[in-house]
Amino acid sequence: MVKVLDRISWVLGKIATYMATIILISVFLVISLGVVARFTSLRFSWTEEFARWGLVSLTYVGASAALRNKQHSGVNLVINSLPAKIGKIVVVVAYLALMFSVVYFFLNSYEAAIKATRIRGDIIPISMKYVKLLIPTSFGMMFFHLASGLADLLSSKGIAGKTISV
């Protein structure tokens with residue numbers, strides 16, 4: 001079970017990393033195009049809206065990739081100073097609390113995305129549903145990363161390298 005969850009988490013982490021890279025490059029290119037266009041007296045009004053959507057998407061997709069790679073900041077000094085059994089219990093509770101939060105945010109962001117079906121962008125006339133669906137998708141990926149980390153933690157004896165952050 002641990003290997004299956006780890007494999008799913010690894011694949012989703014790679015997908016999130018590639019998505020974040022593509023979004024970041026796209027936003028950079030679109031913003032650069034907008035800046036250059038302003039100096040050549042062209043006005044592309046869609047660049048600002050695209051950049052806004054891209055940066056919001058990048059936040060959530062990037063958070064998922066960072067969670068998989070244990071790149072979130074944290075204070076492990078407190079956890080490491082506790083006795084091993086108590087430290088493990090604290091980390092398990094932290095994983096469970098985060099998993100509960102991720103499920104809550106997944107459900108609410110999915111509902112918000114579906115409700116945004118009829119809302120269109122101010123300049124780019126596509127449904128906001130497609131933009132907003134990246135948010136619950138990212139929370140779904142985060143859930144698998146947390147489940148994989150929790151399964152790994154529960155199957156190991158210690159907590160060294162098993163916390164959510166570096």
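Helices (H or I, at least four residues) and strands (E, at least two) are DSSP runs, numbered from the N terminus. The model treated here is predicted, so local features need pLDDT of at least 70 and side-chain atom pairs count only at pLDDT 80 or more, whereas totals for chains, interfaces and linings use all residues. Residues are numbered from 1 along each chain as its sequence is written, and side-chain values use heavy atoms, with hydrogens and water left out.

**Exercise 1. Locate Val92, decide whether Val92 is buried or exposed, and list its contacts beyond four places in sequence.**

Step 1: Val92 belongs to helix α4, which covers residues 84-115.

Step 2: Buried means under 20% relative accessible area, exposed means over 50%, and partly exposed lies in between (1.4 Å probe, protein chains only). Val92 has 17% relative accessibility and therefore counts as buried.

Step 3: With contact meaning heavy atoms within 4.5 Å, and with neighbours within four places in sequence left aside, Val92 is in contact with Leu150, Leu153 and Leu154. The C-alpha atoms of Val92 and Ala151 are 9.6 Å apart, although 59 residues separate the two along the chain.

**Exercise 2. Test the length of α4 against the expected span, and state which elements its buried residues pack against.**

Step 1: The expected span of a helix is 1.5 Å times one less than its number of residues. For the 32 residues of α4 this gives 46 Å, which agrees with the 46 Å between its end C-alpha atoms.

Step 2: The buried residues of α4 are Gly87, Lys88, Val91, Val92, Tyr95, Met99, Val102, Ser109 and Ala113. These buried residues pack against α3 (76-81), α5 (128-132) and α6.

**Exercise 3. Describe how α2 packs with α6, and classify the residues of the contact.**

Step 1: Axes are lines fitted to C-alpha atoms, for helices over the stretch in contact, and angles run from 0 to 180 degrees between N-to-C directions. Helix α2 (residues 46-68) and helix α6 (residues 134-155) pack at about 10 degrees, and their axes are 9 Å apart.

Step 2: Angles under 35 degrees count as roughly parallel, over 145 as roughly antiparallel, 65 to 115 as roughly perpendicular and the rest as oblique, and the angle found therefore makes α2 roughly parallel to α6.

Step 3: On the α2 side the contact includes Val56, Tyr60 and Arg68, and on the α6 side Leu134, Phe139 and His145 are among the residues involved.

Step 4: Ala, Val, Leu, Ile, Met, Phe, Trp, Tyr, Cys and Pro count as nonpolar, Asp, Glu, Lys and Arg as charged, and the others, Gly among them, as polar. On this scheme the contact of α2 with α6 holds eleven nonpolar residues, five polar and one charged.

**Exercise 4. Place Ser9, and name the residues that Ser9 touches.**

Step 1: Ser9 is in helix α1, and Ser9 is buried at a relative accessible area of 1%.

Step 2: Not counting residues up to four places away in sequence, Ser9 touches Arg68, Phe144, His145 and Ser148.

**Exercise 5. State the sign of phi at Ser41 and at Lys70, and place both residues.**

Step 1: Most residues other than glycine have a negative phi.

Step 2: Ser41 has a positive phi of about 60 degrees, lies in the loop between α1 (2-39) and α2, and is exposed at 62% relative accessible area.

Step 3: Lys70 has a positive phi near 55 degrees, is found in the loop between α2 and α3, and counts as partly exposed at 25% relative accessibility.
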